[in-house]
Amino acid sequence: MDQNDPKYDNKQLLKRLYVFIKPYQNWVLLALVLTLAASYLGSLRPKLTQLAVDDHIAIGDMDGLSRMILLILATLGAELFILIFNTYITRWFGQMSLHQLRVEVFQKIQSLHVQFFDKNPIGRLITRTTSDIEALSSLLSDGVVNLIGDMFRIVFILYFMITMSWELTIIAILVLPVLFYATFWFNGKMKAAFLGVRDQVARLNSFIQEHIQGITIVQLFNREKDVERDFDTINEDHRKAHNKTIFYFSIFWPIIEVLASVAMALVVWYGGGRALLGGVTFGVLLAFIQYVRQFFQPIRGISEKWNALQSALASSQRLFEVMDTDNEISAPATSSAKVIQLSSSDSMIPKGTIEFRGVWFRYNKESDFILKDVSFKAKAGETLAVVGATGAGKSTLINCILRYYEIEKGEILVDGVNIQEFSLNDLRERFSLVLQDNALFSGTIEENITLGDPKISMKDVQETAIEIGAHEFIDTLPQKYQTKLAERGASLSLGQRQLICFIRAKVVNPSVLILDEATSSIDSESEALVTKACEEMMRDRTSIVIAHRLSTIQQADHILVMHKGRVVEEGTHQSLLEHDDGIYRKLVQLQMANNSAA
């Protein structure tokens, strides 16, 4: 995304962030009123000090002085109460806004097409939903409210100063032009610096996530030193990005301190001379010294909050870039009547017919086509097997059927309807998919099977497990179906993990079952059980099986042989063996030779 895109300028970003705070705008208004009240009370205290000195101490009025002291203490107490209550409500509506923003960002990420994740590392997306959103915490809670409060505090201070002595007021603000120039310079530099920091944080998170996930490979090949060197490089870039912000801070804050001291010295010099000559009272001089100290506090606060605002805007730009990402897989504008009919529960409608008509596909416009004019038909209830060498396009067929990617030319039909006419939910609920790589999550076995679907009962889960042949091993676990799994199911064997995936695939009673190398990584001890489970799952439903082990597909009704993105042969196991120079025959002979050698 272009960082100079007009839709990501500060004004537009703030407008979009306001959407998340809008439901709490009444609380925001209350917080603003309380902040203005606290700002006024804080600015009132030096004025009360001036009155105490000039109207009571100077003439020895002890009773009046006591009343002024009580008034000052009451002002302090009221300010304290307001600040406590105001801090609570601003933090509350800020966290509520962050909660909703985090939900919407996560929902957007979940809805994006698979190709988006091919281009964006997982660690970078984790950064978006965690630290980038946390960077908005100050802005969406008390950031803007207190920024406005600091501005009004300056206005209140100037008002009291002018009413006491316009000459001293001019002397006190002589340094403001230099201060404004330094502030604008600082803010311009800081936004670019914070964008750089957020980029480096995402890069660092991505690297750590990727290499911790692949730690077994790193250790197996003794690449720890190489990974450490790569990490040091990324970490150094991260440090340099932070050092830029430190450099600008190291210049800006001393300038603020020096200007505040200069303003104080000017007031003491000029005001002290005027007081000795009787031009101003000592109460006014004392109040002005307090006001000058107070005057630079909100300026420092504005600078700090502006700095936090720049960091928040940099993070919000990155968040909205994700939220503005177009989903290349679009839902139909209107539902086809035919789709609605096929979505009904009419048992007379044959379900599960898959047809490819002249399909061409490639993963990006610069690469060669992975699928080239692919055409075939799998009838309802048939088992279709797809074989071929690695890279022939077998798994790509599955990605296109499920619309993880959009085809470039041709048509894919499900039960006679183009898949682009289905909503994604309606299309995908017709399928179940079991992959070679087991997709299990932290949680119970039951939660991994149902994935939170309320329509699937515990009875359904158990009955399916019995049919698959997995109930026996689950029943031996300490908490049975409530047994907690480690990340990615690491506490189970490969075969046990795959059986849980089989239960999950079958319990929803899909029209079409897809097995993509689902048995290729199973150990020999589990192979018989898993093979039996596969047979049970495929019975009486359309099944698409991708397998390297040709022995597992010999009973398939229809076999496709793919080579370099094309369907070069198709038929039954027996008919394909009759082709003397056929690819399928050669694959079978090669596997038989390998098995004999083994």
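**Strand β10 and its sheet**

In the predicted model, strands β9 (residues 512-516) and β10 pair in the parallel sense, with 5 bridges between them. Within this pairing, L515 has V545 of β10 as its bridge partner. Strand β10 also pairs with β3 (residues 383-388), again in the parallel sense, over 4 bridges. Here the bridge partner of V386 is I546 of β10.

Strand β10 covers residues 542-546. It is mostly covered, and 5 of its 5 residues are buried. Both of its faces are covered. On one side, T542, I544 and I546 are buried. On the other side, S543 and V545 are buried too.

Strands of a sheet pair through backbone hydrogen bonds, and the pairing is either parallel or antiparallel. In this model, 6 strands form an open sheet with mixed pairing. Their order is β6-β9-β10-β3-β11-β12. The edges are held by β6 (431-435) and β12 (566-571). Each of these edge strands has a single partner strand, so one side of each lacks a neighbour in the sheet. From one strand to the next, the twist averages 15°.

The pairing continues from β3 to strand β11 (residues 558-563). These two strands run in the parallel sense and share 5 bridges. V386 has L560 as its bridge partner in β11. The bridge partner of V386 in β10 is I546. V386 thus has a bridge partner in β10 and another in β11.

Helices also meet the sheet. Helix α14 (residues 394-401) lies across β3, β6, β9, β10 and β11. Its direction runs at about 140° to β10. Helix α19 (residues 494-507) packs on the sheet as well, where it touches β6 and β9. The direction of α19 makes about 175° with that of β6.

One residue of β11 was examined individually. H558 is found in this strand. Is H558 buried or exposed? Its relative accessible area is 14%, so H558 is buried, because buried means under 20%. Which residues does H558 contact, leaving aside its neighbours within four places in sequence? The contacts are K377, E382, T383, L384, A385, E570 and G571. Strand β3 spans residues 383-388, and T383, L384 and A385 are among the contacts of H558. Strand β12 spans 566-571, and E570 and G571 are also in contact with H558.

Methods:
Residues numbered from 1 in each chain as written. Predicted model: local features only at pLDDT ≥ 70, side-chain atom pairs only at ≥ 80, totals over all residues. Heavy atoms only, no water. Buried < 20%, exposed > 50% of the residue type's maximum accessible area, 1.4 Å probe, protein only. Pairing = 2+ DSSP bridges. Axes fitted to C-alpha atoms, helices over the stretch in contact; angles between N-to-C directions. Contact = heavy atoms within 4.5 Å.
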